[in-house]
Amino acid sequence: MLGRLGIGFVGVAALVALPLVAATASEDGKPRKPTEQEWSFDGIFGKFDRAELQRGFNVFNRVCASCHSLEFLAYRHLIGIGLSAEEIKAIAAENDVVDGPDEFGDSFERPARPSDPYFQPFDNEQQARAANGGAFPPDLTLITKIRSGPDYVYALLTGYGEELPESLEPSPGTEYNPYFKSWTIAMPEPLFDDAVEYADGTAATAEQMSRDVSAFLAWAAEPELERRKQTGFVVVIFLIILAGLLYASKRKMWADLH
Ligand code: HEC
């Protein structure tokens with residue numbers, strides 16, 4: 001009993017202390033906490049907004065993909081964001097891949113097919129670093145899982161442009177971004193108004209593109225999110241019904257015994 005009280009006490013103390021720690025995080029050298037955004041896929045009934053995902057892919061494909069890979073994505077997976085087989089075929093064919101051997105034993109280039117892995121900008125880490133002043137543009141497949149969700153990506157992309165605080169030394173080849181772990185980031189601000197053209201007529205402001213690509217990366221990290229939520233919901237309903245039945249049968253059994 002005492003032990004349980006002790007655990008309870010520690011739990012309550014941790015709950016009280018947590019917001020205090022979070023509030024001071026930005027003052028003690030930790031990156032700034034991203035502001036919480038509303039996403040269509042939040043909550044138990046949340047669903048991806050297919051139009052948003054398609055705009056986000058467009059941004060990734062036109063801008064981010066020149067530096068970042070999405071290792072586990074194949075073109076055919078884009079069916080999940082609502083693109084048609086024809087659209088996917090056309091997107092894949094924009095890039096060439098090396099195939100082979102042909103009848104003479106040589107490798108050859110051909111346009112990518114939907115079954116090919118999504119375009120990778122660099123052959124290896126050394127090449128990626130050489131092209132980015134020594135910094136490594138990480139694979140972004142799981143970035144919304146590793147960091148604090150799409151809120152982080154959105155905050156980072158829109159977090160450029162503030163004055164470097166005096167306490168920080170300017171470091172060559174980097175820009176100030178309070179949301180990045182080291183406060184200065186070697187990624188130049190990637191999005192400017194009209195960097196891409198949206199097929200659905202949405203105005204391609206930097207803010208809108210940041211939002212859309214963040215949502216797309218949330219999908220890339222967990223394309224099965226909707227199915228997981230659906231299964232979770234069915235399981236909870238099942239458990240509630242089961243609990244009700246168990247309770248009713250327990251009452252009936254004990255009623256006979258009294
Ligand atoms: C010119 C190359 C380049 C482009 C284009 C680019 N990035 Fe980056 N990105 C980098 C580099 C380099 C880093 C690593 C920065 C560092 O370590 O200081 C980085 C880091 C990041 C990070 C931080 C990862 C972490 O560990 O927290 C995110 C998120 C990110 N990029 C997203 C994007 C998105 C989304 C786009 C497209 C809108 C994009 N990047 C476009 C080069 C690029």
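Start by selecting the ligand: 23 residues surround it, each with a heavy atom within 4 Å. Cys-64, Cys-67, His-68, Tyr-152 and Met-187 are the closest. This is a predicted model, in which local features need pLDDT of at least 70 and side-chain atom pairs count only at pLDDT 80 or more, while totals for chains, interfaces and linings use all residues. Residues are numbered from 1 along each chain as its sequence is written, and side-chain values use heavy atoms, with hydrogens and water left out.

Next, show the polar contacts of the ligand (pairs of N or O atoms within 3.5 Å). An N or O atom in the Tyr-152 side chain is 2.5 Å from a ligand oxygen. Arg-147 places a polar side-chain atom 2.7 Å from an oxygen atom of the ligand. At Ala-186 a backbone N or O atom lies 2.8 Å from a ligand oxygen.

Now select helix 6 (residues 149-157) and helix 7 (residues 206-221); helices here are DSSP runs of H or I with at least four residues, numbered from the N terminus. Their axes, 9 Å apart, meet at an angle of about 150 degrees, on a scale from 0 to 180 degrees between N-to-C directions of lines fitted to C-alpha atoms over the stretch in contact. The two helices are therefore roughly antiparallel (over 145 degrees). Pro-150, Val-153, Tyr-154 and Leu-157 of helix 6 take part in the contact (heavy atoms within 4.5 Å).

Keep helix 7 and add helix 2 (residues 50-62): this pair packs at about 100 degrees, axes 7 Å apart. That makes helix 2 roughly perpendicular to helix 7 (65 to 115 degrees). Among the contact residues are Phe-57 and Phe-60 of helix 2 and Phe-216 and Trp-219 of helix 7.

Methods
Angles under 35 degrees count as roughly parallel, over 145 as roughly antiparallel, 65 to 115 as roughly perpendicular and the rest as oblique. A polar contact is a pair of N or O atoms within 3.5 Å; within protein, one must be able to donate a hydrogen and the other to accept it, and residues adjacent in sequence count only if both atoms are side-chain atoms.
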